[in-house]
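Student: Could you take me through the sheet in this model, with a close look at how its strands are arranged and what lies across them?

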Amino acid sequence: MKILMLHGINHNMFGKRDPKQYGTVTLAEIDAQLQALGKELGAEVESFQSNSEGAMCERIHRGFAEGVYAVLINAGAWTHYSYGIRDALAILTVPVVELHMSNIHAREKFRHHSVFAEIVKGQICGFGVDSYLLGLRAAVSAAAHAQ
């Protein structure tokens, strides 16, 4: 079971960027935790990060062609305005789980809205790195039930 983890804009700066919101964990550390949990759950997790909206859409298209079982996405700020990424995700026929380390509903008003909300299976936010791990568990479960 292959699960695609999509990390959005500025996530390559985790560990350096706004530690109050995101802690000091790095993207590599998040990916290592996802790999370890994926192995426990019988899933292969492939991670992809980009600061380019076009590259993100192309990776989503490739995920569709590859037949991934589910997609996890933390799109960062794109969550609130990227209709291009939303439309790419809408092409998918597998469960999509949106996640965020911070509680986007308790932050600035513009962060309260997700353009992905209508097309994703669910959203997990506010649990730091655990949002990723909870998201992976949810994606594996949803993918197993979808088969």
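Tutor: Happy to; here is the sheet, followed by the helices against it and two cysteines.

This is a predicted model, in which local features need pLDDT of at least 70 and side-chain atom pairs count only at pLDDT 80 or more, while totals for chains, interfaces and linings use all residues. Residues are numbered from 1 along each chain as its sequence is written, and side-chain values use heavy atoms, with hydrogens and water left out.

The sheet is open, and its five strands follow the order 2-1-3-4-5 with parallel pairing. Strand 2 (44–49) and strand 5 (122–125) are the edges: each has a single partner strand, so one side of each lacks a neighbour in the sheet. On average, neighbouring strands are turned by 20° against each other, direction ignored. Strands here are DSSP E runs of at least two residues, helices are H or I runs of at least four, and both are numbered from the N terminus; two strands pair if DSSP finds at least two bridges between them.

Now zoom in on strand 3 (residues 70–74) and strand 4 (residues 96–100), which pair in the parallel sense over three bridges. Leu72 has Val97 of strand 4 as its bridge partner.

Turning to the helices, helix 3 (residues 53–66) lies across strand 1 (2–7) and strand 2, at about 175° to strand 1. Helix 5 (residues 129–146) lies across strand 1, strand 2, strand 3, strand 4 and strand 5, and runs at about 170° to strand 4. Contact means heavy atoms within 4.5 Å; axes are lines fitted to C-alpha atoms, for helices over the stretch in contact, with angles from 0 to 180 degrees between N-to-C directions.

Finally, Cys57 is buried at a relative accessible area of 12%, and Cys125 is buried at 16%, where buried means under 20%, exposed over 50% and partly exposed in between (1.4 Å probe, protein chains only).
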